[in-house]
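Subject: Structure handover

Hello,

Here is the structure we talked about. Please open it alongside this note; what I found follows below.

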Amino acid sequence: MAKISYHKERDIINQEKLSEILTTLPDYVPDFFIAIENNSSTLTRLNYGYDLRLFFEYISEKLNKKITDITLEDLDNIKARDIERFLSYISYYEKDGKTFVNKERGKARKLSALRSFFKFLFNSDLISSNVITKISTPKIHQKEIIRLEVDEVVKLLNQAENPTNLTKREQGYNKITKERDLAIMSVFLGTGIRISELVGLNVDDIDFNNNSFKITRKGGNEVVLYFSDEVKDAMISWLKIRDEIKTLDDDEKALFLSLQRKRITPRAVENLVKKYSQAVTPLKKISPHKLRSTYGTNLYRETQDIYIVADVLGHKDVNTTKKHYAAISEDIRRNASTKVKLR
């Protein structure tokens, strides 16, 4: 029997985790998740599950009631100050011996989950008022966009091919994974792919005749991305190594594999990017998403077309692209300053 796709398997795991969370919450909560099922991903619903569980744990302690005993009437009696105190509480709290910190982005996400949940309860006539409408979303301070410069991209790829700055142990692993690691970073830097999209790639998703591959975007849509000959060469070099793995299961279709000959995990990809990037630019915290930002920046510099960048990166709203890549407009301003001659 053929294996199910990576994305389908991930959805099943997310749903199983959510189902486990729902067993700890009041019996009216599952109806909310059924209501948003057709308009949200399994990952979004799972994150909402985590956020709502945290909220109910907080309310449970304040009311001195078991979570499953919290009634709709209890929620109807919640005041705006209770929500504000909850947001203040999650700034820094301890649970199961661990310390958790939420800054404005974390608070905004949890408030978004509560907004959606209370809106559902209100629209379903399960509560008489929607207290969340009185709460302002925390102001989000824009982070500095971290990306690699052109020379740093070259150094990063060179480091995968010839790891002079890695430890002896890391260099030993590199002898085994060199072609794979170079291909992974080439795909990130040459297409702007998301980590989930990269991990989900199968061998039969690739069309070398057209230098393209099929990916599954967030939300489940399938699209085709194109890549350069440089990326093609790196992928072909890795596929030659992959084809020589004698212990590989016949039904394993994943393009990128772990040392255990299974589909590589997002965590493993994050670790390898971190390993090579720290050897090249230790002051920058480079992640797969930062490689995606690097590609987006370079594409914008070459095309000067924000709509092309948005389309290639899979942004539904071009404002998302503008927010992430507006910083490079400084390049345009700098060039513009030389255009007007005084004499």
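Lys95 stands opposite Lys98 in β2. This is a predicted model, so please read everything here in that light.

The lysine pair belongs to a hairpin. Strand β1 covers residues 92-95 and strand β2 covers residues 98-101. They run antiparallel, joined by four bridges. Another pairing to look at is Tyr92, whose bridge partner in β2 is Val101. Two residues lie between the strands of the hairpin. Asp96 sits in that turn, with a positive phi of about 55°.

There is also an open sheet. It has three strands in the order β3-β4-β5, and the pairing is antiparallel. β3 (206-207) and β5 (222-226) are the edge strands; each has a single partner strand, so one side of each has no neighbour in the sheet. Strand β4 takes in residues 212-216 and is joined to β5 by five bridges. Within this antiparallel pair, Lys214 has Val224 of β5 as its bridge partner. As a reminder, strands of a sheet pair through backbone hydrogen bonds.

Now the helices. Does the length of α3 agree with what its residue count predicts, or disagree? Helix α3 runs over residues 42-63, which makes 22 residues. At 1.5 Å a residue it should span 32 Å. Its end C-alpha atoms are 31 Å apart, so the two values agree. Just after α3 comes Asn64, with a positive phi of about 60°.

Helix α12 can be read in the same way. It holds 16 residues, 288-303. From first C-alpha to last it reaches 23 Å, close to the 22 Å expected. Its buried residues are Pro288, Leu291, Arg292, Ser293, Thr294, Tyr295, Gly296, Thr297, Leu299 and Tyr300. Gln304 follows just after α12 and takes a positive phi of about 55°.

Helix α8 gave me two things to report. It spans residues 168-191 and contains Ile176. Together with Tyr173 and Leu259, Ile176 makes a nonpolar surface patch of about 270 Å². Asn174 is in α8 as well. Is Asn174 buried or exposed? Its relative accessible area is 2%, so Asn174 counts as buried. Leaving aside residues up to four places away in sequence, Asn174 touches Ala160, Pro163 and Tyr276.

Last, a loop residue. Thr137 lies between α6 (104-123) and α7 (150-161). Its relative accessibility is 48%, so Thr137 counts as partly exposed. Which residues does Thr137 touch, not counting those up to four places away in sequence? They are Ala108, Leu111 and Arg115. Arg109 is 28 residues from Thr137 along the chain, and their C-alpha atoms are separated by 9.3 Å.

Over to you.

Best wishes

Definitions and conventions. Residues are numbered from 1 along each chain as its sequence is written. This is a predicted model: local features need pLDDT of at least 70, side-chain atom pairs count only at pLDDT 80 or more; totals for chains, interfaces and linings use all residues. Side-chain values use heavy atoms; hydrogens and water are left out. Patches are made of residues with over 30% relative accessible area and no salt bridge: like charges are joined within 9 Å, nonpolar side chains (Val, Leu, Ile, Met, Phe, Trp, Tyr) within 5 Å. Accessible areas come from the Shrake-Rupley method with a 1.4 Å probe; for residues, only the protein chains shown count as cover. A salt bridge is a side-chain nitrogen of Lys or Arg within 4 Å of a carboxyl oxygen of Asp or Glu. Two strands pair if DSSP finds at least two bridges between them. The expected span of a helix is 1.5 Å times one less than its number of residues. Buried means under 20% relative accessible area, exposed over 50%, partly exposed in between (1.4 Å probe, protein chains only). Contact means heavy atoms within 4.5 Å.
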